[in-house]
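Open the model in your viewer and colour it by confidence. The tour below goes from one selection to the next.

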Amino acid sequence: MHMADALLAPTVAAAMYVASGTAAGVSIHKLRKEDAPQKLPVMAVSAALVFAGQMINYTIPGTGSSGHMCGGMLLSALLGPQAGFLSMIVILTIQCLFFADGGLMALGANIWNMAFYGCFVGYYLLWRPILRSRLFKGLGVKGAQRSRIILASVAGCVLTLQLGAFSVVLETSLSGITDLPLGAFCALMQPIHLAIGLIEGLITAAVLLFVYESRPELLSGLSPAEDSLPAKRSLKATVAILAVLVLMVGGGLSLLASSNPDGLEWALFGNADAGYSENMGLDEENFGVSSAAAEKAGAVQEVTSFLPDYAFQGSDSAAGTSVSGIVGSAMVAGAAVLICLAGGFFRRRKANSHKH
Amino acid sequence: MIQFQNVSFAYEPDRPVLQNLSFRIAPGESVGLIGANGAGKSTLMKLLLGLRQGEGRILVDGTELNKASLSEIRRKLGYVLQNSDNQMFMPTVYEDMMFAPLNYGLSREEAERRVDAVLERLGLEDLKHRHNHKLSGGEKRMAAIATILAMEPEAVLMDEPSSALDPYNRRIVINTIRSLPQTKLIASHDLDMILDTCDRVLLMSKGQLVADGPTEEILSDRALLEANRMELPFCLAGRTK
Amino acid sequence: MNKMQKALRELAEMDELAAQNSIIHRLCPTAKLLATVLYIAVVLSFGKYQLSGLAVLLLWPVLLFQLSGIPVHICFYKLRIVLPLVLAVGLFNPFFDRAILLRLGPLAVSGGFISMLTLMLKGLLCLMASFLLMATTNFDSLCASLRKLHIPGMLVTLLLLTYRYVGVMTEELAVMTEAYSLRAPGQKGLQVSAWGSFLGQLLLRSMDRAQELYASMLLRGYHEHFHYAPMKPFGPGDVVYLALSALFFLVLRFVPAAQLLGNLLLR
């Protein structure tokens with residue numbers, strides 16, 4: 001799910017940097033207050049472990065194909081959400097810098113999509129409430145806890161990967177990079193990530209179960225005593241929050257889509273000619289989009305999309321490319337070749353002069 | 001220099017790891033610490049470094065080890081870990097060696113001078129700017145020793161300094177250890193190395209000190225060694241006492 | 001060779017490149033970092049049809065490759081990660097955006113095709129820029145420079161420590177993977193029964209390792225404070241480099257140089 005630089009407009013990239021940066025700042029603040037210097041090496045070693053662990057191929061039974069894990073949930077279950085988040089940031093940074101996995105500009109977005117949801121949303125919304133709930137009470141203490149770990153891991157990974165995938169779609173679309181309609185893009189991304197999330201959840205559960213069996217004290221969020229937060233959220237509340245979240249995402253999606261069909265090119269309801277909305281079984285009229293909210297969303301859109309589609313108007317001819325542009329580009333290519341030849345020439349001369 | 005008075009330690013109350021240890025190491029002495037796996041060698045080191053707290057008194061240079069004296073005492077002791085990768089957490093040898101001097105308030109220039117001096121003395125100048133993760137096993141061990149020497153400790157503690165080294169590198173490490181003027185406490189299963197580097201040996205078994213005496217004497221006592229799950233060093237195996 | 005060994009080789013390769021010496025290598029990391037970020041931002045700011053405007057920006061990385069003596073092919077090897085991703089998104093454009101933007105004799109080029117090419121070029125340019133940064137800058141001094149740029153110390157220290165242990169852990173997992181495959185011939189991946197314990201074992205060991213590492217830090221006087229590699233000062237050469245780069249980017253951003261050149265030639 002690593003996004004490349006090319007998929008983002010600078011404004012979107014910057015916005016995501018601000019969002020991720022804020023989350024990182026808050027995490028650092030919290031960790032400083034905790035004052036647990038011994039945590040730093042643990043974070044570093046765990047991050048390195050997850051970095052390497054992402055390369056393990058897990059055979060998915062009965063399919064012959066293999067899955068991988070990304071590790072956000074795993075890290076926050078082991079280190080707590082804040083430390084887990086920082087560790088994920090570091091992993092993503094190293095991947096981006098040394099392996100071109102993701103990009104320098106896209107780092108903010110990648111941190112948000114892959115670390116923020118997994119570490120914070122997954123932890124506070126699912127991992128901790130489920131682990132402290134009374135689910136599976138009938139299975140005995142150990143059995144119940146094991147079942148809770150499995151449920152929390154799977155549910156957490158599925159939810160956070162769905163959110164992450166949706167963010168990728170949203171960020172790409174807002175950047176005006178793709179002509180793929182938002183709805184179709186979602187239809188491509190979400191189901192794939194449902195499967196990926198499921199696998200990730202199962203792998204995470206397997207590793208956490210192993211840890212639980214051997215050194216349960218390593219798991220974070222297991223006992224209510226360990227943090228002073230009063231938030232002992234009941235499972236019912238969690239389900240309610242989840243429902244609201246789903247509604248918000250769905251509502252936001254439809255708002256964005258219907259308020260500005262031009263900006264997002266073709267959204268869920270947009271292009272009626274193609275009968276897209278009919279195919280999707282949705283009816284624009286009956287969906288009742290409130291106009292105030294729509295206008296607001298439109299305004300947001302205008303701000304965010306001033307660059308890509310209508311970028312710096314006048315700096316290039318209306319359609320952008322023309323024959324003279326191509327000729328000019330060819331000359332640039334020629335210049336590039338010349339630079340290379342010159343570089344090679346000088347290096348050879350230098351090498352020769354060293355020899356003598 | 002180092003003194004243990006009735007030191008005991010246990011992770012769980014009914015399973016003691018160290019029982020009532022008492023010994024004294026004089027300044028400049030070189031002492032080998034031997035014993036089977038689980039005899040308590042590493043725990044003894046950790047207690048001395050204040051990484052674990054047990055009962056009894058530990059004195060370094062006449063100062064009792066406690067919370068207040070901890071940092072002062074740690075500054076006097078250099079501990080070479082068995083796993084050099086865990087010891088050297090900075091990217092390059094140079095930065096790793098600078099770590100302790102800078103933490104102890106030396107200026108960058110002073111620290112660098114110290115680092116250069118140590119590297120020169122050990123003949124490791126070419127390792128200076130190498131990356132820690134690209135060193136060979138032998139280089140890593142030597143670099144770890146250099147890292148500790150850059151602290152200019154008064155005593156050097158070593159945990160298995162010769163493990164997993166080829167004979168050539170092992171010899172280099174042994175010669176280096178012999179050349180160190182500091183007080184030394186070396187925990188190892190490599191009895192031949194102990195024979196080469198130490199004048200005195202402490203033999204531990206099940207958390208207790210079972211023998212304390214000159215190296216030659218203890219390491220040639222087949223009955224004593226075998227009773228404590230050890231055997232004679234190779235070079236003495238021919239002649240039995 | 002398994003995936004982890006390949007990753008290790010890639011890491012070592014980047015280290016070696018960064019250890020070379022050239023005009024570019026000698027620049028202050030801060031200057032290089034800022035120039036790279038600016039470059040990528042400018043590249044990304046081009047509209048989806050502005051292919052020719054973007055093409056001129058190719059000159060900057062090409063020049064840097066020549067000045068630094070970094071071989072280009074290593075960078076192309078890394079394209080294998082970027083390109084499929086970009087393609088996956090861009091490939092749809094020709095199908096959805098069929099308006100004809102350009103006619104080259106009998107050949108009609110659609111907007112979607114142009115925007116796909118633009119996207120790919122963007123991918124290539126951004127990759128080259130960040131690759132060049134990493135290939136000419138060693139990581140420790142980059143971290144020191146991040147600290148100078150007020151990235152929080154905790155994060156930079158974590159980055160430095162993690163980078164150090166990425167090699168160690170990857171190596172361990174590489175060995176474990178090899179050992180696994182020796183006992184499980186013909187299996188491509190880890191079977192379900194080992195899903196938890198494989199990584200779990202290493203995880204438990206790693207926690208002990210982290211403790212030992214912390215002890216090693218404490219024993220050498222660590223308290224809250226990490227000392228970073230000495231910084232190369234931001235000298236006049238760096239100012240010139242940064243200023244020239246920025247000027248180049250901004251001029252090319254607002255002046256359609258390729259168009260003008262082409263017009264000149266065609267006239």
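Select residues 225-232 of chain A: pLDDT (the predictor's confidence in each residue, from 0 to 100) stays under 50 there. The model gives this stretch two contacts beyond four places in sequence, a contact being two residues whose C-beta atoms, placed from the backbone, lie within 7 Å. Next take residues 255-321 of chain A, where the pLDDT is also below 50; this stretch has 101 contacts in the model beyond near neighbours in sequence.

This is a predicted model, in which local features need pLDDT of at least 70 and side-chain atom pairs count only at pLDDT 80 or more, while totals for chains, interfaces and linings use all residues. Residues are numbered from 1 along each chain as its sequence is written, chains are lettered from A and ligands numbered from 1 in the order in which they are written.

Now show the whole of chain A. Its mean pLDDT is 76, with 71% of its residues at 70 or more. Helices (H or I, at least four residues) and strands (E, at least two) are DSSP runs, numbered from the N terminus. Confidence in chain A is lowest in helix α9 (residues 276-279), with a mean of 36, and highest in α4(A), at 95.

Go to helix α7 of chain A and pick I196(A). Is I196(A) buried or exposed? I196(A) is buried, because 21 other C-beta atoms lie within 10 Å; the cut-offs are 20 or more for buried, 12 or fewer for exposed, and partly exposed in between, with C-beta atoms placed from the backbone. Add C70(A), which is 126 residues from I196(A) in sequence but 9.9 Å away, C-alpha to C-alpha.

Bring in chain C. Here 88 residues of chain A are in contact with 100 residues of chain C. On the chain A side, α11(A) gives the largest share, 15 residues. That side divides into 59 nonpolar, 22 polar and seven charged residues (Ala, Val, Leu, Ile, Met, Phe, Trp, Tyr, Cys and Pro count as nonpolar, Asp, Glu, Lys and Arg as charged, and the others, Gly among them, as polar).

Finish on chain B, which has 10 helices and 10 strands. Of its 241 residues, 47% count as buried. Select its open antiparallel sheet of four strands, in the order β2-β1-β4-β5; strands pair if DSSP finds at least two bridges between them. The edge strands are β2 (15-25) and β5 (63-64) of chain B. Two bridges join β5(B) to β4 (residues 55-60) of chain B, and L59(B) stands opposite E64(B) in β5(B).
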